[in-house]
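User: Please take a close look at the central part of the sheet in this model and describe how its strands are covered, paired and connected to what surrounds them. I would like one connected account.

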Amino acid sequence: MEQQLNEKVPPHNIDAEQAVLGAILLHWEAMADVVSILRPDRFYSLQNQLIYETLQKLYSKNVRGDYLAVINELTVENKLEQAGGAAYIASLTDMNPSAANITYYAQLVMDRSTRRELIKISSELKSSAYELGKDADALLDGAEQKIFALAERNETTVVHAAKDIMIKEIELIEARYNSKNTFTGVPTGFARLDTMTSGFQKSELIIIGARPSIGKTALALSMMQHIAVDRHIPCGFFSLEMPYESIGMRILSQEARVSMQKIRAGTIRLDDVKKIQDAAGRWFEAPLYTVDTPNMRLLDLRAMARRMVVNQKVEIIFIDYIGLISTEDPTAPVFEQMSLVSKSLKALARELEIPIVALCQVSRDAEGNEPNLAQLRGSGSIEQDADVVMFLHRDRLKDETPIQEAKLILAKQRNGATGDIPIMFVPAYSKFENKADE
């Protein structure tokens, strides 16, 4: 019986629940069609929950879940009466439900379960909203997380046949051939890096580590110049350490190739002014969106990132840097806070389906040496959660030279090769570039 939504009775469909159970009891092979998508808590009726839970247990034991097996299992667990008794279980097969339609019945059960969960979430949010002692931003973040978790719960596992995979791959290859686009992800402008990664991929967390003053921010800005200006790909930048005015000055120095020191001191020449004006013109239309809140809270960052994707359609986000993101419990041990931050950023990348690039400091013992994965500062979970980890290394003592060699160390790539990538650094305007032979 289909129940209509009202103030007293949550949405449910007992007929669909019974049809699922009856189809399984009559056609045990149908259990394989629903076991991965339907959980006991999706059933509204406690009786039906217990019966389906028993069927799942029998399935996991590789025991055929017929009438007698279900009765025996429930009797052993002293739950037969709670499940409606033997007569109720026997009645489930009376309507003779079709095994061919079991997925449809299951979808009806899941639909009503989702509606009940939405009502529950709405009620909790309404109650929390009246509690003025709770932070409104935290309430918003909590609401977004609950809705996202509910959406994830509704995702079902799909088995892809080889023919379907091949058709999809051929379509992708043809599309890439026709577009002449070498990369499947967001290209950084560093040729060898893009070749090894095929660009920064959707849903990936990318970590760039280095010691202070090596040039993490300069590297990020160099990448963003290619992404936002050359490729016109919308890009978000969370600057937790540097105000947007300083970011703007660095951007102009890099793009115009005019010394940062000259810009700050006001000693630029007339031809430099023209270069800066031209650079500003190129950046003026670039889809770069910057947030410069110092020590930004994790929940605020997540909320702002979601809005950037919806409102500005950003396709990649940079965070400078991960160690300055504050959690709700600043008294917790550093490794616990960093673990929470890295796991949250990875989850956010998956939720938004964009790459998130987070800059990270490495420990003091890497000073003057090439960094490695063990030296990521804060928590080992950063290495574990990240899909790509790379380190920036150069000789900081050579900043007086006009141009110097540097290196990107691709230390981890979940879906690809690792290795060293030589690049060049121009100290005068803090810009990283490809080597001339790249």
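Analyst: In this predicted model, strand β5 is covered on both of its faces, with I356, A358 and C360 buried on one side and V357, L359 and Q361 buried on the other. Counted over the whole strand, six of the six residues of β5 are buried.

On one side β5 is paired with β1, to which it runs parallel, and six bridges join the two strands. Within this pairing, L359 in β5 is the bridge partner of I208. The pairing of β5 with β4 is also in the parallel sense, and it extends over three bridges; here I317 stands opposite I356 of β5.

I208, which lies in strand β1, is a useful residue from which to follow the surroundings. I208 counts as buried because its relative accessibility is 0%, and the cut-off for that term is under 20% relative accessible area. Leaving out residues up to four places away in sequence, I208 touches V357, A358, L359 and C360, and further K216, L219, M223 and M390. The C-alpha atom of I208 also lies 5.5 Å from that of F391, although 183 residues separate the two along the chain.

F391 belongs to the set of residues in β6 that point one way, together with V389 and H393, whereas V388, M390, L392 and R394 point the other way, and all of these are buried. As a whole, β6 is mostly covered, with seven of its seven residues buried. β6 pairs with β1 in the parallel sense over four bridges, and in this pairing V389 of β6 is the bridge partner of I207. Towards β7 the sense changes, for β6 and β7 run antiparallel and are joined by seven bridges; V389 has K412 as its bridge partner in β7.

These pairings belong to an open sheet of nine strands with mixed pairing, in the order β3-β2-β4-β5-β1-β6-β7-β8-β9. The edge strands of the sheet are β3, residues 288-291, and β9, residues 431-434, each of which pairs on one side only. Between neighbouring strands, the average turn is 25° when direction is ignored. At the β9 edge, strand β8, residues 419-426, runs antiparallel to β9 and is joined to that strand by four bridges, with V426 standing opposite K431 in β9. Helix α10 packs on the sheet and touches β1, β2, β3, β4, β5, β6, β7, β8 and β9, and its direction makes about 160° with that of β4.

The connections leading into β1 and β5 deserve a separate look. S203 sits in the loop between α9, residues 191-197, and β1, and its phi is near 70°, a positive value in a residue other than glycine. E353 is placed in the loop between α15 and β5, and it likewise has a positive phi, near 55°, without being a glycine. E353 counts as exposed because its relative accessibility is 52%, where the term requires over 50%. In helix α15 itself, residues 334-352, lies K346, a lysine that is buried because its relative accessible area is 17%. Apart from its neighbours within four places in sequence, K346 is in contact with S203, E204 and L205, and also with D385 and D387.

The sheet can also be related to the largest pocket, which has a volume of about 510 Å³. Of the 24 residues that line the largest pocket, S213, R250, R394, F425 and S430 lie nearest its centre; R394 is one of the buried residues of β6. Helices α10, residues 216-230, and α12, residues 260-265, each supply at least two residues of the lining. By class, the lining is made up of nine nonpolar, seven polar and eight charged residues.

For the setting of this part in the whole, the secondary structure of the chain comes to 16 helices and nine strands, and buried residues make up 46% of its 438 residues. Among contacts between residues at least 6 apart in sequence, 68% join residues that are at least 24 apart.

Notes:
Residues numbered from 1 in each chain as written. Predicted model: local features only at pLDDT ≥ 70, side-chain atom pairs only at ≥ 80, totals over all residues. Heavy atoms only, no water. 1 Å grid on protein atoms, 1.4 Å probe; cavity = no way out; pocket = protein on both sides within 12 Å on 5 of 7 lines; lining within 4 Å. Points joined across faces, edges and corners; volume = space filled by probe spheres on them. Nonpolar A, V, L, I, M, F, W, Y, C, P; charged D, E, K, R; others polar. Pairing = 2+ DSSP bridges. Axes fitted to C-alpha atoms, helices over the stretch in contact; angles between N-to-C directions. Contact = heavy atoms within 4.5 Å. Buried < 20%, exposed > 50% of the residue type's maximum accessible area, 1.4 Å probe, protein only.
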